[in-house]
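Biologist: Please take a close look at one helix for me. Then work outward, step by step.

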Amino acid sequence: MHDGFTPSERFVTALCEQSFLKLWTHPNPKGKKNKELCDCLIVCGPHIVIISVKECNYKDTGDKTGLDRWMKNAVKKSAAQIWGAERWLETTVEFERNDGRMVRLPAKEERIVHRGSVSLGGAGKVPFKWGDLGNGFVHVCNEKSVDVLLGALDTITDLVEFLTKSEKLINDGVYLMFDGGGLEDLVALYLSWGNSFEAPVDLPQQPDMLILDDNLWEYYSNSPKFDAKRKELENSYYWDQLIENFTADLLTNCMFDMHSKKVTDNELALVAMALQPRGHRANLAEVVFPQFHGRVKEDCGSCCSLKFFGASP
């Protein structure tokens, strides 16, 4: 990982690479005049996720001064960097990674942009701020919520569906109140309602207000329902390993076009594989790797790509 990263940037970049795989995660990309564009950019299919990481240790001054200082340095500066990156991306069709590799962006008319601020250092002592911060909706995470968000929704499609649906929830006029917690509790509600914010059938109508307890994620993540879901999706990580193997081939000029028999950098097939949500990956893995049914993901190694083509390792 890049030596110039701060500990907080390394933390978020590691989470993103784990969730979305290296081909689509671009830490510290270059923007205007080769200056750092943002802390992490995720580009896969039509989706662009702009992530800014800011860290400011909150100091309780006994009045609003400490809170205002933290909000300015950890949230407002993060949001400003995101909006600046978004404006620059609107002017270009490609960008340069910090390792010099050029990455092409999706066509401008097809882009779906999401904004994520990772605001660290609040130590759980600052009220959670989230939503439209002036120039568009920004999803604000702290240390705990970014870990939960990228861990529980660990494919690009699952992540952006949550971001899109949570934005729609607010835009539809539902007032959210976080009772001491953060975005992780909204993730728990979303997952427990079946990857949706539509009210369950036993509620008479969609609520006008949602008050989220600060232990909602802890309760859900320790529930039998969550444990059963994890076991149900266990085999899906074979699909992730397959993408990882093919990505390594692509990045080391070891991927060949089956028709031309020449080295290719065409990632369309990999994008199609990466856009599969976690549930679909489980179904695909059952078909592609029936011999691994019921075995945990750690058992899957480099044999995946060989098995896929019918060869013996």
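Modeller: Helices (H or I, at least four residues) and strands (E, at least two) are DSSP runs, numbered from the N terminus. The model is predicted: local features need pLDDT of at least 70, side-chain atom pairs count only at pLDDT 80 or more, and totals for chains, interfaces and linings use all residues. Residues are numbered from 1 along each chain as its sequence is written, and side-chain values use heavy atoms, without hydrogens and water.

Let us begin in helix α2, which covers residues 64-89. Find Ile 82, which sits in this helix. Is Ile 82 buried or exposed? Ile 82 counts as buried because its relative accessible area is 0%. (Buried is under 20%, exposed over 50%, partly exposed in between, with a 1.4 Å probe and protein chains only.)

What does Ile 82 touch, leaving out residues up to four places away in sequence? Its contacts (heavy atoms within 4.5 Å) are Ile 50, Ser 52, Arg 115, Gly 116, Ser 117 and Val 138. Now pick out Gly 136. It is 54 residues from Ile 82 in sequence, but their C-alpha atoms are 10.0 Å apart in space.

The same helix also holds Lys 76. Here the picture changes. Lys 76 is exposed, because its relative accessibility is 54%. Together with Lys 64, Lys 72, Lys 77 and Lys 129, Lys 76 forms a positive surface patch. (Patch residues have over 30% relative accessible area and no salt bridge; like charges are joined within 9 Å, nonpolar side chains within 5 Å.) Charges are placed at NZ of Lys, CZ of Arg, CG of Asp or CD of Glu.

Go back to Ser 52, a contact of Ile 82. Ser 52 is in contact with Asp 39 too. Asp 39 lies in the loop that runs from β1 (25-27) to β2 (40-44). Beyond neighbours within four places in sequence, Asp 39 also contacts Glu 9, Thr 13, His 26, Pro 27, Asn 28, Ile 51, Val 53 and Gln 81. Asp 39 is buried, yet it makes no salt bridge. (A salt bridge puts a side-chain nitrogen of Lys or Arg within 4 Å of a carboxyl oxygen of Asp or Glu.) Its nearest side chain of opposite charge is Lys 54, at 5.1 Å. Lys and Arg count as positive, Asp and Glu as negative; His and chain ends are not counted.

Where do charges pair up, then? The whole structure has ten salt bridges. One of them joins Asp 240 and Arg 278, at 2.8 Å from N to O. This pair links distant parts of the chain: Asp 240 is in helix α8 (residues 237-251), and Arg 278, 38 residues away, is in helix α10 (residues 278-288). Both Asp 240 and Arg 278 are buried.

Asp 240 has another partner, Arg 281, with the closest N and O atoms 3.0 Å apart. Arg 281 lies in α10 and Asp 240 in α8, so this pair ties together parts 41 residues apart in sequence. Arg 281 is buried at 3% relative accessibility, and Asp 240 is buried at 8%. Through shared partners, salt bridges join Asp 154, Asp 240, Arg 278 and Arg 281 into one network.

Compare a pair within one helix. Lys 229 and Glu 232 form a salt bridge, with the closest N and O atoms 3.8 Å apart. Both belong to helix α7 (residues 224-232), three residues apart, about one turn of the helix. Lys 229 is partly exposed at 41%, and Glu 232 is exposed at 53%.

Next, look at helix α5 (residues 183-192). It is mostly covered, with nine of its ten residues buried. Among them are Leu 183, Asp 185, Ala 188 and Tyr 190. Its cover includes β8 (137-141), α3 (143-152), α4 (156-171), β9 (175-179), β10 (209-213) and α6 (216-221). Just after α5, Gly 194 has a positive phi of about 75°.

Two of those covering strands, β9 and β10, each give at least two residues to a nonpolar surface patch. It consists of Tyr 175, Met 177, Met 209 and Ile 211, with about 400 Å² of accessible area together. (Areas come from the Shrake-Rupley method with a 1.4 Å probe; for residues, only the protein chains shown count as cover.) Met 209, in β10, is partly exposed at 43%.

Finally, step back. The chain has eleven helices and ten strands. Of its 313 residues, 46% are buried.
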